[in-house]
Amino acid sequence: MLVKNCKIIDKDGKDIVTDILIENGVITKIEKNISAPAGEIIDAEEKYVLPGIVDVHTHMRDPGLTQKEDFTTGSMACARGGVTTFIDMPNTIPVTVTKEALADKKALMNGRAYVDYGFHFGGSKKDNSSEIKDIINETASTKIFLNMSTGDMLIDDEKTVENIFRESKIISVHAEEEMVAKAIEFCEKYDKELYLCHLSKASEIELLKAAKARGAKVFGEVTPHHLFLNTDDVSKTERSQLLLRMKPELKEKSDNDALWAALADGTLDTIGTDHAPHLIEEKLAKLTFGVPSVENSLEMMLNGVKDGKITLKRLIEVMCNKPADIFKIKNKGNITAGYDGDLVIIDITDNSPVKDDKVITKAGWTPYENCNKGGKVLTTILRGQVVYSNGKFNGLYGREVKYYE
């Protein structure tokens with residue numbers, strides 16, 4: 001595939017227009033006026049072309065909860081949103097906390113995705129640290145919950161947490177408020193890499209900043225909903241009081257501001273959606289935590305660029321480069337020769353509103369209803385194959401990612 005007239009961001013943050021050649025799924029040449037080889041040619045018409053988005057925090061609900069989402073519909077939502085790689089969390093049914101459950105999940109998902117994917121392994125309160133050694137190179141991280149979760153995944157025994165930290169290469173953690181400090185304490189004690197999921201408060205940012213200043217191997221993630229929404233949005237209507245609920249909960253406007261500042265200055269490292277879909281009728285029937293987000297994340301985050309809160313170069317770092325780097329996902333997250341030909345063509349002039357009736361996810365709704373986009377995803381390319389373009393989907397080309405040591 002040859003993609004012509006791509007506007008990309010160079011290493012200095014400047015716009016350049018170039019062609020991108022993808023051969024056998026891999027980017028082989030980035031320069032102007034590439035001669036057209038045999039194969040598909042796409043003219044980007046000098047629209048921005050980004051690396052495929054890497055979302056390392058999703059809950060695709062498969063197996064066990066497929067009425068809410070499944071691997072195919074979730075991957076379609078990814079393709080629609082410009083996400084070419086997602087990593088699935090372990091709290092499905094059964095939970096992915098044994099080698100057998102991981103193997104079964106991998107086999108079940110094979111051939112069912114529109115984009116590439118990987119898996120996090122789950123830490124269990126029953127102490128499955130002995131199993132982690134055997135799957136350490138097959139998964140992105142070990143995910144543990146230090147705050148409310150389901151099943152056997154909330155761990156409150158310190159010895160079990162210690163054992164899991166010792167055996168893991170990187171630990172992703174659901175930790176809120178005082179438990180953020182506890183997770184960082186384990187990170188420093190065992191000299192392990194720690195990924196703090198969905199930070200939501202200014203006080204948590206201060207803990208992250210202090211840990212980084214001490215040289216701790218700690219990374220911070222923020223979700224689009226914690227950047228754009230707050231308690232004022234929750235209180236607007238009875239409907240929003242049920243729909244806009246997740247863990248961690250939305251915070252104050254001042255927390256939004258602190259998160260944006262931390263994202264811009266490098267304290268926060270990544271955007272992860274925490275895509276956690278529930279059917280709208282489930283959400284409106286009773287208090288249920290979690291929101292869908294993956295298909296609207298890039299289009300919403302482009303608002304941050306439009307409003308001058310972050311640069312487009314920085315957006316690419318936190319949505320593409322850094323997630324792949326932190327979890328050592330091979331050949332993802334960059335427009336560079338030798339990397340997979342994963343590209344997203346966007347139209348930054350399209351600021352139309354997000355609408356429930358346009359979403360792909362089985363959930364059937366979006367927390368960003370009536371928010372104006374910062375741009376529109378036109379085309380999503382996975383390893384040189386168009387998987388989404390202007391409302392149409394093509395081919396289950398997704399495959400499991402590999403990791404480097």
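The following exercises, with worked solutions, concern aromatic pairs, two sheets and one threonine in a predicted model.

Residues are numbered from 1 along each chain as its sequence is written, and side-chain values use heavy atoms, without hydrogens and water. As the model is predicted, local features need pLDDT of at least 70 and side-chain atom pairs count only at pLDDT 80 or more, while totals for chains, interfaces and linings use all residues.

**Exercise 1. Determine how the rings of F71 and F119 are arranged, and which parts the pair ties together.**

Step 1. Rings of Phe, Tyr and Trp (its six-membered ring) pair if their centres lie within 6.5 Å; planes under 30 degrees apart count as stacked, over 60 as edge-to-face and the rest as tilted. This rule gives 10 aromatic pairs.

Step 2. The ring centres of F71 and F119 are 6.0 Å apart and the planes stand at 15 degrees, so this pair is stacked.

Step 3. Helices (H or I, at least four residues) and strands (E, at least two) are DSSP runs, numbered from the N terminus. F71 belongs to helix 1 (residues 71-80) and F119 to strand 8 (residues 116-119); the pair therefore ties together parts 48 residues apart in sequence.

Step 4. Buried means under 20% relative accessible area, exposed over 50%, and partly exposed in between (1.4 Å probe, protein chains only). F71 has a relative accessible area of 0% and is buried; F119, at 0% as well, also counts as buried.

Step 5. F119 also forms an edge-to-face pair with Y117, at 5.7 Å centre to centre and 70 degrees between the planes. Y117 is buried, as is F119. One aromatic cluster is formed by F71, F86, Y117 and F119.

**Exercise 2. Describe the sheet that contains strand 8.**

Step 1. Two strands pair if DSSP finds at least two bridges between them. Strands of a sheet pair through backbone hydrogen bonds, either parallel or antiparallel.

Step 2. Three strands make an open sheet in the order 6-7-8, with parallel pairing. Strand 6 (53-58) and strand 8 are at the edges with a single partner strand each, so one side of each has no neighbour in the sheet. From one strand to the next, the twist averages 20 degrees.

Step 3. Strand 7 (residues 83-88) is joined to strand 8 by four bridges; T85 has D116 in strand 8 as its bridge partner.

**Exercise 3. Describe the sheet in the order 9-10-11-12-13-14.**

Step 1. This open sheet has six strands, and the pairing is parallel. Strand 9 (121-122) and strand 14 (270-271) stand at the edges; each has a single partner strand, so one side of each is left without a neighbour in the sheet.

Step 2. Four bridges connect strand 10 (residues 142-145) with strand 11 (residues 170-174). The bridge partner of K143 in strand 11 is S172.

**Exercise 4. Characterise the surroundings of T270.**

Step 1. T270 is located in strand 14, and its 0% relative accessibility counts as buried.

Step 2. Contact means heavy atoms within 4.5 Å. With neighbours within four places in sequence left aside, T270 is in contact with residues including Y195, G220, E221 and V318.

Step 3. A polar contact is a pair of N or O atoms within 3.5 Å; within protein, one must be able to donate a hydrogen and the other to accept it, and residues adjacent in sequence count only if both atoms are side-chain atoms. The side chains of T270 and Y195 are joined by a polar contact of 2.6 Å.

Conventions
Axes are lines fitted to C-alpha atoms, for helices over the stretch in contact, and angles run from 0 to 180 degrees between N-to-C directions.
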